[in-house]
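Please open the model in your viewer and keep the selection tool at hand. The tour goes from one selection to the next, with a short account of what is found at each stop.

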Amino acid sequence: MQFHHHGYVSGDPRVQPAAGTGVDRPEDLPDEVDVLIVGSGPAGMIAAAQLAQFPNIVTRIVERRPGRLEIGQADGIQARSVETFQAFGFANRITEEAYRITEMAFWKPDPENPKNIVRAARTPDDPTGISEFPHLIVNQARVLDYFAEAARNAPARVVPDYGWEFLTLEITDEGEYPVVVRLRRSAGEDEGAQRTVRAKYVIGCDGARSKVRESIGRELKGDSANHAWGVMDVLADTDFPDIRTKCAIQSHDGGSILHIPREGNYLFRMYVDLGEVPEDDNGAVRNTPQEEVEARANKILHPYTLTVKKVCWRSVYEVGHRLTDKFDDVPEELTGTRSPRVFITGDACHTHSAKAGQGMNVSIQDGWNIAWKVAHVLDGRAHESLLDTYSAERQVIAQNLIDFDRKWSSLMAAKPEEMEDPSELEDFYVKTAEFPAGLMTQYQQSMIVGPATHQELATGFPIGKRFKSNHVTRVCDANPVHLGHHHRADGRWRIYVFADRPAAGQPSKVTDFAEWVTGSPDSPVLAYTPADADVDAWFDVKVIYQQDHTGVDLSVVPRAFLPKVGPYSLVDYEKVYAADPNDDIFEARGIDRDGALVVVRPDHYVSHVLPLTATDELAEFFAGIFVAKRPVGV
């Protein structure tokens, strides 16, 4: 965390100075806004937290509830989400209060006495070290609290406008604020009152029954598996020995349970198999009483028993896999001819079972994906065509999730004797570990994802996948750090410059690149960064040398990697790194010893891999995204 460069900070450094729209922010909802976010779930809150970093953008988030969410339905936090929490500054704090999954136990019928269950296998949750971050369980409400804090502490000071229900919207071609939104007061002294708000863009994060989705004519299409599950968060007395371990439990004739311990040591969640649902059920299974769910749980757990003392939350749901054909308001045939104005995220555009633990996690990435793109357009950084990439990228990911969830749900619902291989369930869990961790996402080539022409220069940073961090040594203070952990959600692009072999200050490709990035009018840093902003305001350029940190002399490191920032023009020393001799990033990530450039988007995904000499290609890549800010030569 960096601070003091604008003057001495005696308070909480996580609270950034208010700026722009965050100064004297009006308490009442304005008549006109740049971005209106509908719904304060995971996608809505991360979108608000990201947009709050852009103080010149008027962002408001409306929520029909009268206040914060108290009990959330989602609880599984994959490693990719924790990486994201790191970018927003609260990974460590939420990890401390969460339950950490390190192992999963698989229980099956005892071959000697099938009426009883026995532990058949234990599998590590992350056997290959996919991420340095853990798999967590924590109440969704706490995730929202942390994102709300990040939004509230950011320069634009974004806070939810509670007690407003979205009714409908209309997209006009009139004026600067073409989206006309009708709202109704759902709480407060003026409950029932209606009003209109005009917006440049609307982000719909209002769940599976999304009215934003209906307003733009999108429909969730898919199927139901005709299989029901009772889910309960309970405090209970039990002799089941793995009550504090995540478990998949399959019985001989009673169905299955997915068991998930919750944070705080005592609470746990059970997804209890309620069996097949007749086609003419018409939702009657949702009225299954709690007593029946508990009875089924005890039948599955036999010979162990479960006595529920308190039900903190419960529900009954049928597995459904549904998806919209597009995640914005522009018809497929008109894509590229006009820019979208309305976007939908999360359950508003994709639904699936809860047992794969993906809903909140995928929604978080939806919200981050669209937020930084809208911010780039509104802030004058990028072309409007950037907005077309949201639906193109995220719709494919949602389809992949549904395909995975359909397989996982069917395996969980199957009886052991129906499986071709007795270990099929646990084998699938291990083989697909990267998917539920959220790390298989790979975006295809587009205006923000380059071709894989030079992928061999950094094989451990696949283009289109998230930037996988690694240990390095920060040269200025010899501290061992994770390189990716300094990629904060500040809207900046990262250019990681992996140096060739010569020592710092000696003639080399990296010194040539440094001269180009600070001296050529084609450099993205010079071409697009506003003249009155810090030199690293839009592009964070870091260098990683192959030498041990003791072999890097800061006095001869190019000025490109030691920029002067802030009103006092103070040197930022935290952009110069060296390979950790115990965990060489060049070796670990397959980086060519002749050096490489790795370009990373604001949301952590690798956009390009290039040789150090490919300055023309780098300039051309950013020219396809950014709008020029400075006249050539200035």
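The stops below cover a helix and then a sheet, in a model that is predicted.

**Stop one: the helix**

Begin by selecting residues 290–301, which make up helix α6. With twelve residues at 1.5 Å a residue, α6 should span 16 Å, and the 17 Å that separates its end C-alpha atoms agrees with this. Next, show the side chains of Gln290, Val293, Glu294, Ala297, Ile300 and Leu301, which are buried residues of α6. If you turn the view to look down the axis of α6, these buried residues fall within an arc of 120°, so they line one face of the helix.

**Stop two: one residue of the helix**

Now select glutamate 292, which also has its place in α6. Is glutamate 292 buried or exposed? Its relative accessibility is 34%, and because buried means under 20% and exposed over 50%, glutamate 292 counts as partly exposed. To place glutamate 292 against another part of the chain, add leucine 274, which lies 18 residues away along the chain, and you will find 9.0 Å between the two C-alpha atoms.

**Stop three: the sheet**

Move on to the open sheet, in which three strands follow the order β3-β7-β4 with antiparallel pairing. Its edge strands are β3 (76–77) and β4 (99–101), each of which pairs on one side only. Select β4 together with β7 (residues 135–137), since selecting both shows their antiparallel pairing over three bridges. As a last selection, take arginine 100, whose bridge partner in β7 is leucine 136.

Terms used
Residues are numbered from 1 along each chain as its sequence is written. This is a predicted model: local features need pLDDT of at least 70, side-chain atom pairs count only at pLDDT 80 or more; totals for chains, interfaces and linings use all residues. Side-chain values use heavy atoms; hydrogens and water are left out. Helices (H or I, at least four residues) and strands (E, at least two) are DSSP runs, numbered from the N terminus. Buried means under 20% relative accessible area, exposed over 50%, partly exposed in between (1.4 Å probe, protein chains only). The expected span of a helix is 1.5 Å times one less than its number of residues. The arc is that of the directions from the helix axis to the C-beta atoms. Two strands pair if DSSP finds at least two bridges between them.
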